Amino acid sequence: MKLTGALKGITRSGAEFKATITSEIVFKRGCFGRHSFVPVSGTVEVTTAGVTSVIDYSDGTCDEDYTITTAGVLTEHTFN
(Lines give C-alpha, C1' and ligand atoms only; values in the text may rest on other atoms or scores of the structure.)
Protein backbone atom coordinates (compact mmCIF):
# COMPACT_ATOMS: atom_id res chain seq x y z
CA MET A 1 0.00 0.00 0.00
CA LYS A 2 1.27 3.51 -0.84
CA LEU A 3 0.14 6.93 0.35
CA THR A 4 0.58 10.48 -0.97
CA GLY A 5 -1.09 13.81 -0.22
CA ALA A 6 -1.46 16.43 2.47
CA LEU A 7 -3.74 17.39 5.32
CA LYS A 8 -4.30 20.18 7.79
CA GLY A 9 -6.19 20.43 11.02
CA ILE A 10 -6.25 21.47 14.64
CA THR A 11 -4.73 19.49 17.51
CA ARG A 12 -6.60 18.70 20.73
CA SER A 13 -4.84 21.66 22.35
CA GLY A 14 -6.06 24.01 19.58
CA ALA A 15 -2.83 24.40 17.59
CA GLU A 16 -3.15 24.44 13.80
CA PHE A 17 -0.96 22.01 11.87
CA LYS A 18 -0.34 20.85 8.34
CA ALA A 19 1.32 17.70 7.06
CA THR A 20 2.59 17.06 3.56
CA ILE A 21 3.91 13.74 2.31
CA THR A 22 7.10 14.79 0.54
CA SER A 23 8.10 11.28 -0.50
CA GLU A 24 5.50 8.56 -1.05
CA ILE A 25 4.90 6.51 2.12
CA VAL A 26 5.10 2.77 1.51
CA PHE A 27 3.41 0.37 3.92
CA LYS A 28 4.16 -3.34 4.32
CA ARG A 29 2.05 -5.91 6.07
CA GLY A 30 3.51 -8.38 8.52
CA CYS A 31 6.57 -6.43 9.65
CA PHE A 32 7.66 -7.13 13.22
CA GLY A 33 5.22 -10.05 13.47
CA ARG A 34 2.24 -7.71 13.24
CA HIS A 35 -0.83 -8.36 11.13
CA SER A 36 -1.34 -4.71 10.25
CA PHE A 37 0.33 -2.44 7.72
CA VAL A 38 3.23 -0.28 8.96
CA PRO A 39 5.17 2.47 7.14
CA VAL A 40 8.61 1.32 5.96
CA SER A 41 9.69 4.21 3.70
CA GLY A 42 8.75 7.75 2.77
CA THR A 43 8.84 11.18 4.41
CA VAL A 44 6.27 13.54 5.91
CA GLU A 45 6.81 17.24 6.64
CA VAL A 46 4.72 18.43 9.62
CA THR A 47 4.41 22.12 10.60
CA THR A 48 2.87 23.30 13.87
CA ALA A 49 3.21 26.79 15.36
CA GLY A 50 5.83 27.72 12.76
CA VAL A 51 8.06 24.75 13.60
CA THR A 52 8.63 22.13 10.89
CA SER A 53 9.58 18.52 11.55
CA VAL A 54 10.37 15.81 9.01
CA ILE A 55 9.40 12.21 9.76
CA ASP A 56 11.47 9.72 7.75
CA TYR A 57 10.28 6.10 7.67
CA SER A 58 13.60 4.72 6.41
CA ASP A 59 14.63 2.76 3.31
CA GLY A 60 11.88 0.15 2.88
CA THR A 61 13.12 -2.58 5.19
CA CYS A 62 11.04 -3.86 8.11
CA ASP A 63 13.47 -2.52 10.70
CA GLU A 64 10.97 -0.84 13.10
CA ASP A 65 12.98 2.41 12.95
CA TYR A 66 12.11 5.94 11.88
CA THR A 67 13.58 9.38 12.53
CA ILE A 68 12.19 12.82 13.25
CA THR A 69 14.24 15.92 12.46
CA THR A 70 13.20 19.25 14.03
CA ALA A 71 15.30 22.43 13.82
CA GLY A 72 18.25 20.40 12.56
CA VAL A 73 18.11 17.93 15.48
CA LEU A 74 17.56 14.30 14.46
CA THR A 75 16.00 11.87 16.94
CA GLU A 76 15.69 8.14 16.34
CA HIS A 77 12.50 6.25 17.21
CA THR A 78 11.28 2.66 17.14
CA PHE A 79 7.73 1.43 16.63
CA ASN A 80 6.33 -0.21 19.77
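**Exercise 1.** Which residues form one aromatic cluster with Tyr 57? Work on the predicted model and classify the ring pairs within the cluster.

*Solution.* Step 1. The number of aromatic pairs in the model is three.

Step 2. Take Tyr 57 and Phe 79. Their ring centres are 6.4 Å apart and their planes meet at 10°, so this pair is stacked. A pair counts when the centres lie within 6.5 Å, and as stacked when the planes are under 30 degrees apart. Tyr 57 belongs to strand 5 (residues 51–59), whereas Phe 79 sits in the segment after strand 7 (73–78), so the pair links distant parts of the chain, 22 residues apart.

Step 3. Take Tyr 66 and Phe 79. This aromatic pair is tilted, with 4.8 Å from centre to centre and 40° between the planes. Tyr 66 lies in strand 6 (residues 65–70), and 13 residues separate it from Phe 79.

Step 4. Phe 79 occurs in the pair with Tyr 57 and in the pair with Tyr 66. Tyr 57, Tyr 66 and Phe 79 therefore form one aromatic cluster.

Step 5. Check the burial of the members. Tyr 57 and Phe 79 are buried, and Tyr 66 is buried as well.

**Exercise 2.** Which residue in strand 7 stands opposite Tyr 66? Describe the hairpin around this position.

*Solution.* Step 1. Strand 6 pairs with strand 7 in the antiparallel sense, over six bridges.

Step 2. The residue opposite Tyr 66 is His 77.

Step 3. Two residues lie between the strands of this hairpin, and Ala 71 has a positive phi near 50°.

**Exercise 3.** Is strand 2 (residues 6–10) largely in the open or largely buried? Describe its pairing too.

*Solution.* Step 1. Strand 2 has five residues, of which zero are buried, so the strand lies largely in the open.

Step 2. Strand 2 is paired with strand 3 (residues 16–29) in the antiparallel sense, over five bridges. Leu 7 has Ala 19 of strand 3 as its bridge partner.

Step 3. The two strands make a hairpin with five residues between them, and Gly 14 in the turn has a positive phi of about 95°.

**Exercise 4.** Does Thr 43 count as buried or exposed, and what is the evidence?

*Solution.* Step 1. Thr 43 is part of strand 4 (residues 37–48).

Step 2. Its relative accessibility is 15%, so Thr 43 counts as buried; the cut-off is under 20%.

Step 3. The side chains of Thr 43 and Thr 22 are joined by a polar contact of 2.7 Å.

Step 4. Leaving out residues up to four places away in sequence, Thr 43 touches several residues, including Ile 21, Ile 25, Val 54 and Asp 56.

Definitions and conventions
Residues numbered from 1 in each chain as written. Predicted model: local features only at pLDDT ≥ 70, side-chain atom pairs only at ≥ 80, totals over all residues. Heavy atoms only, no water. Phe/Tyr/Trp six-rings, centres within 6.5 Å; stacked < 30°, edge-to-face > 60°. Helix = DSSP H or I, 4+ residues; strand = E, 2+ residues; numbered from the N terminus. Buried < 20%, exposed > 50% of the residue type's maximum accessible area, 1.4 Å probe, protein only. Pairing = 2+ DSSP bridges. Polar contact = N/O pair within 3.5 Å; in protein donor to acceptor, adjacent residues only side chain to side chain. Contact = heavy atoms within 4.5 Å.
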